[in-house]
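Here are my notes on this model, point by point. Please read them with the structure open.

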Amino acid sequence: MEHIISFGEKFSDQNRPFYIEMAGISYPDSNYHIVRQHSYIHCFEYVMDGEGVVQVDQHINYPVKGDLYILPKGSNHDYYSLPENPFKKIWMNVSGTLCDELIHIYGLTGLLVVKQIDVFPIFREFLDICE
């Protein structure tokens with residue numbers, strides 16, 4: 001089950017600085033599995049509970065409760081919950097020239113996982129604004 005706020009179709013204007021495609025919360029589900037080929041969005045996800053497997057191109061990681069991960073645009077995303085302790089995540093899918101430039105400037109290409117960082121309040125505020 002998911003709580004999703006959506007802002008329309010796929011991002012098509014590559015010259016816009018910032019675009020929110022969707023944001024939401026994914027609740028535990030042992031069947032949760034997302035695959036994107038050459039993603040047109042950047043995904044920022046904070047694990048509120050549970051654990052899973054996240055692969056971006058050839059990089060694999062195993063985020064758990066309290067971890068943040070970033071899946072960059074242009075890469076292949078494959079991620080899923082571990083059935084015995086499924087993900088509960090708050091997330092945002094964004095794109096635009098500002099996002100692209102910040103990802104590039106800060107060297108956030110490939111799979112990035114930040115272990116045990118409390119960014120839940122920031123994600124919750126972002127979701128509240130989207131709602």
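1. Start with the pairing of S5 and S8. Strand S5 covers residues 52-56 and strand S8 covers residues 77-81. The two run antiparallel and are joined by five bridges. One end of the register is easy to find: Gly52 has Ser81 in S8 as its bridge partner. Keep in mind that this is a predicted model.

2. This pair belongs to a wider sheet. Four strands make up an open sheet in the order S3-S8-S5-S6, and the pairing is antiparallel. Which strands stand at the edges? They are S3 (33-36) and S6 (59-61). Each has a single partner strand, so one of its sides has no neighbour in the sheet. On average, neighbouring strands here are turned by 5 degrees against each other, with direction ignored. As background, the strands of a sheet pair through backbone hydrogen bonds, parallel or antiparallel.

3. Now the overall make-up. The protein has two helices and ten strands. Along the sequence the pattern reads β-β-β-β-β-β-β-β-β-α-β-α. The radius of gyration is 14 Å, close to the 14 Å from the globule rule for 131 residues, so the protein is as compact as a globular protein of that length. The C-alpha trace spans about 45 × 35 × 25 Å along the principal axes.

4. Contacts and surface come next. Take the contacts with a separation of 6 or more: 75% of them link residues 24 or more positions apart. Of the 131 residues, 44% are buried. The accessible surface is about 7,100 Å², and carbon and sulfur atoms account for 55% of that area.

5. One side chain deserves a look: Glu45, in strand S4 (residues 42-49). Is Glu45 buried or exposed? Its relative accessibility is 1%, so Glu45 counts as buried, the cut-off being under 20%.

6. What does the Glu45 side chain meet? A polar contact of 2.5 Å links it to the side chain of Tyr69. Another polar contact, of 3.1 Å, links the side chains of Glu45 and Tyr79. Tyr79 falls within the residue range of S8, 77-81, which brings us back to the strand in point 1.

7. The full surroundings of Glu45 are worth displaying. Setting aside neighbours within four places in sequence, Glu45 is in contact with Asp67, Leu68, Tyr69, Tyr79, Lys89, Ile90, Trp91 and Phe123. Both tyrosines of the polar contacts, Tyr69 and Tyr79, appear in that list.

Definitions and conventions
Residues numbered from 1 in each chain as written. Predicted model: local features only at pLDDT ≥ 70, side-chain atom pairs only at ≥ 80, totals over all residues. Heavy atoms only, no water. Pairing = 2+ DSSP bridges. Axes fitted to C-alpha atoms, helices over the stretch in contact; angles between N-to-C directions. Rg over C-alpha atoms; globule rule 2.2 N^0.38 Å. Buried < 20%, exposed > 50% of the residue type's maximum accessible area, 1.4 Å probe, protein only. Contact = heavy atoms within 4.5 Å. Areas by Shrake-Rupley, 256 points an atom, 1.4 Å probe, with all protein chains shown as cover. Polar contact = N/O pair within 3.5 Å; in protein donor to acceptor, adjacent residues only side chain to side chain.
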